[in-house]
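Here are some notes to read alongside the structure, written for someone meeting it for the first time. Please keep the sequence and the 3D view open as you go through the points.

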Amino acid sequence: MKISIIGSGAMGSLFGGNLALAGEDVVLYDVYKEHVDAVNTQGLSIEDAASGEVTIVHPLASSDPESVANSDVLIIFVKSTTTESVAAQFESFTGAHTIVLTLQNGLGNDAILCKYFGAQRTAIGVTSQGATFFGPGKIRHAGKGPTYITMASGDEAKLHDLAAAFSRAGFETHVSAEVTGLVWSKLIVNVGINALTALLNVNNGQLLEYEDIRQVMADLVNEALVVAAKKGIHLIYDDPLAQVYEVARKTASNSSSMLQDFRKNRQTEIDFMNGAIVNEAQKLGIAAPVNETVTRLVRTLDMLHTQKGTT
Ligand code: PAF
């Protein structure tokens, strides 16, 4: 099967690298030339966090969009802020049989893919795998967990070969109609943690040290829960707020992805996280004032940062 990864950062390289090891025909597409060159000259080094074992694999890496032509599957791993532009860019390199799968964080990527590829070719998934990017050609497989995938609409059977390929590559994968609930469950964690860490310039664990911030986390999460309930979404946690606190505790020393974006003057995924809650709330005719305020603050800082930065 030809599987192309669009956005070969830590997670994209993790999936692509292990799929190549399992014998699939993989292209790692990325605009980051140093990474592409390192993979092509020295191979991709994947360190297993648990065992410390390092595996070198040699998938084809490329910055040429044409390299992904005739793929059976495109896996989209770019930041949500660039989903729209890559969908527009890659549309002409897909065929009628190509499935385009998003395994990105946040809410709304599948809708963008459906716009360009149609619901019959769009798949959405959620993964608990974790990876860290060390530098060109080097990643660490930081955490393992199941992956769930489903079609945006249509024939789930189309995904069985892909799920089998993922499983052969060491990623436990299920084709499941429950993906929406899983995506929302992951989203709620990001809604409670990411923007606050970015605004306060603190790591995840520090959020828990301040009673005022624990309360703001609760307000953000509770607004999201009202929206999810109104939409009839079934979350996987009995007590989602407790889960958000627990993730912040377990990842205490992490700088969240949004804080990392701030630090690199890169546009954040706020519109796919707290901003997405505001959007969904508006569609339902309800208010989400705390998420709205936080979204406006992050968006403004995004503008200030990206004026300074390169993106
Ligand atoms: O986006 C992130 O950084 C992560 O999803 C999480 C769980 C908040 C941990 O840092």
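1. Let us start at Ser67, whose side chain reaches the backbone oxygen of Asp64 at 2.6 Å. The side chain of Ser67 also makes a polar contact with the side chain of Ser62, at 3.3 Å. A polar contact here is a pair of N or O atoms within 3.5 Å; within protein, one must be able to donate a hydrogen and the other to accept it, and residues adjacent in sequence count only if both atoms are side-chain atoms. You will find Ser67 in the loop between strand E5 (60–62) and strand E6 (73–76). Helices (H or I, at least four residues) and strands (E, at least two) are DSSP runs, numbered from the N terminus.

2. A word on the source: this is a predicted model, in which local features need pLDDT of at least 70 and side-chain atom pairs count only at pLDDT 80 or more, while totals for chains, interfaces and linings use all residues. Residues are numbered from 1 along each chain as its sequence is written, and side-chain values use heavy atoms, with hydrogens and water left out.

3. Is Ser67 buried or exposed? Ser67 is buried, because its relative accessible area is 17%. Buried means under 20% relative accessible area, exposed over 50%, and partly exposed in between (1.4 Å probe, protein chains only).

4. Next, please look at the ligand. Which residues surround the ligand? They are Asn190, Asn194, Asn204, Val247, Asn254, Ser256 and Ser257, where a residue is near a molecule if one of its heavy atoms lies within 4 Å of it. This shell divides into one nonpolar residue, six polar and no charged. For that count, Ala, Val, Leu, Ile, Met, Phe, Trp, Tyr, Cys and Pro are nonpolar, Asp, Glu, Lys and Arg are charged, and the others, Gly among them, are polar.

5. Oxygen atoms of the ligand have polar partners in this shell. A polar side-chain atom of Asn190 lies 2.9 Å from a ligand oxygen, and a polar side-chain atom of Asn204 lies 2.9 Å from a ligand oxygen. For Ser257, an N or O atom in the side chain is 2.6 Å from an oxygen atom of the ligand. Taken alone the ligand exposes 280 Å², and the protein buries 81% of that; such areas come from the Shrake-Rupley method with a 1.4 Å probe.

6. Helix H11 (residues 289–308) is worth turning in your viewer. H11 has 20 residues and reaches 29 Å from its first C-alpha to its last, close to the 28 Å expected at 1.5 Å a residue; that expected span is 1.5 Å times one less than the number of residues. The buried residues of H11 are Asn291, Val294, Thr295, Val298, Asp302 and His305. They lie on the same side of H11, because they cover an arc of only 100° around the axis. The arc is that of the directions from the helix axis to the C-beta atoms. On the other side of H11, Met303 and Gln307 are exposed.

7. Helix H5 (residues 160–168) invites a similar look. Its buried residues are Leu162, Ala163, Ala165 and Phe166. Seen down the axis of H5, they fall within an arc of 160°, so they line one face of the helix. Asp161 and Arg168 are exposed on the face turned away from that buried side.

8. Finally, Asn201 has a positive phi of about 60° although it is not a glycine. Asn201 sits in the loop between helix H6 (179–200) and helix H7 (211–230).
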